[in-house]
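User: I would like to go through this model with you. Could you take my questions as they come?

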Amino acid sequence: MQTDGDALRRAVLADPDEDTPRLVYADWLDENGRPERAAYIRSDIALSLRDEWDADRLRWEWVGRPA
């Protein structure tokens with residue numbers, strides 16, 4: 001059985017560069033007991049909108065790199 005969360009995840013995967021489905025999914029996560037994950041998604045979007053050489057953005061991208 002498909003849930004709303006499944007449909008929202010598919011929408012994010014269908015267009016990963018589009019922020020709107022990610023923000024809608026973050027809202028759904030908040031409403032369904034996963035506020036930490038929602039905050040992560042919103043932070044990721046906010047930092048991606050900063051200047052390419054912004055110190056916080058560079059730090060965020062560096063921390064997210066695989067070892």
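User: Which backbone oxygen lies 3.2 Å from a polar atom of the side chain of Arg57?
Analyst: That of Ser48. Please bear in mind that this is a predicted model, and the distance is computed from its atoms.

User: Where is Arg57, and what does it touch beyond its sequence neighbours?
Analyst: Arg57 is part of helix 4, which covers residues 55-63. Not counting residues up to four places away in sequence, Arg57 touches Leu47, Ser48, Arg50, Asp51 and Glu52.

User: Does Arg57 count as buried or exposed?
Analyst: Arg57 counts as buried, because its relative accessibility is 18% and the cut-off for buried is under 20%.

User: How do helix 3 and helix 4 pack?
Analyst: Helix 3 (residues 35-48) packs with helix 4 at an angle of about 130 degrees, and their axes are 9 Å apart. The two helices are therefore oblique to each other; the class of roughly antiparallel is reserved for angles over 145 degrees. The crossing of helix 3 with helix 4 is left-handed.

User: Which residues meet there?
Analyst: Helix 3 contributes Tyr40, Ser43, Asp44, Leu47 and Ser48, while helix 4 contributes Asp56, Arg57 and Trp60. Ser48 and Arg57, the partners in the 3.2 Å approach, are thus both among the residues that meet.

User: Let me step back. What is the overall make-up of the chain?
Analyst: The protein chain has 4 helices and 0 strands. Read from the N terminus, its elements run α-α-α-α. Its C-alpha atoms fill a box of roughly 45 × 25 × 25 Å along the principal axes.

User: How much of it is buried?
Analyst: Of the 67 residues in the protein chain, 19% are buried.

User: And what share of the contacts joins residues at least 24 apart?
Analyst: The share is 7%, taken among contacts between residues at least 6 apart in sequence.

User: Turning to the N-terminal part, how are helix 1 and helix 2 arranged?
Analyst: Helix 1 (residues 4-14) and helix 2 pack with their axes 9 Å apart, at an angle of about 155 degrees. They are therefore roughly antiparallel to each other, and their crossing is left-handed. The contact involves Asp4, Gly5, Leu8, Arg9, Ala11 and Val12 from helix 1, together with Pro21, Arg22, Val24, Tyr25 and Trp28 from helix 2.

User: What about helix 2 against helix 3?
Analyst: Their axes come within 7 Å and cross at roughly 155 degrees. That makes helix 2 roughly antiparallel to helix 3. Helix 2 passes helix 3 in a left-handed crossing.

User: Which residues of helix 2 and helix 3 meet?
Analyst: On the helix 2 side they are Asp19, Arg22, Leu23, Tyr25, Ala26, Asp27, Leu29 and Asp30. On the helix 3 side they are Pro35, Arg37, Ala38, Ile41, Arg42, Asp44 and Ile45.

User: Arg22 has come up twice. What is it in contact with?
Analyst: Leaving aside neighbours within four places in sequence, Arg22 is in contact with Val12, Pro16, Ile41, Asp44 and Ile45. Arg22 is located in helix 2. Val12 belongs to the helix 1 residues in the contact with helix 2, whereas Ile41, Asp44 and Ile45 are among the helix 3 residues that meet helix 2.

User: Buried or exposed, that arginine?
Analyst: Arg22 is buried, with a relative accessible area of 15%.

User: And Leu29?
Analyst: Leu29, also found in helix 2, is buried, and its relative accessible area is 0%. Apart from neighbours within four places in sequence, Leu29 contacts Arg34, Pro35, Arg37, Ala38 and Ile41.

User: How far is Leu29 from Ala39 in space?
Analyst: Their C-alpha atoms are 9.2 Å apart, and in sequence the two residues are 10 residues apart.

User: New topic: how many aromatic pairs does the structure hold?
Analyst: The structure holds 1 aromatic pair. The pair is Tyr25 with Trp28, and it is stacked because the ring planes lie at 10 degrees, with the ring centres 6.0 Å apart.

User: How do the two residues sit along helix 2?
Analyst: Helix 2 covers residues 19-31, and Tyr25 and Trp28 are 3 residues apart in it, so about one helical turn separates them.

User: What accessibility do Tyr25 and Trp28 have?
Analyst: Tyr25 is buried at a relative accessible area of 10%. Trp28 counts as partly exposed, at 22% relative accessibility.

Notes: Residues numbered from 1 in each chain as written. Predicted model: local features only at pLDDT ≥ 70, side-chain atom pairs only at ≥ 80, totals over all residues. Heavy atoms only, no water. Buried < 20%, exposed > 50% of the residue type's maximum accessible area, 1.4 Å probe, protein only. Polar contact = N/O pair within 3.5 Å; in protein donor to acceptor, adjacent residues only side chain to side chain. Contact = heavy atoms within 4.5 Å. Phe/Tyr/Trp six-rings, centres within 6.5 Å; stacked < 30°, edge-to-face > 60°. Axes fitted to C-alpha atoms, helices over the stretch in contact; angles between N-to-C directions. Parallel < 35°, antiparallel > 145°, perpendicular 65-115°, else oblique. Left-handed = near helix turned anticlockwise from the far one by under 90°.
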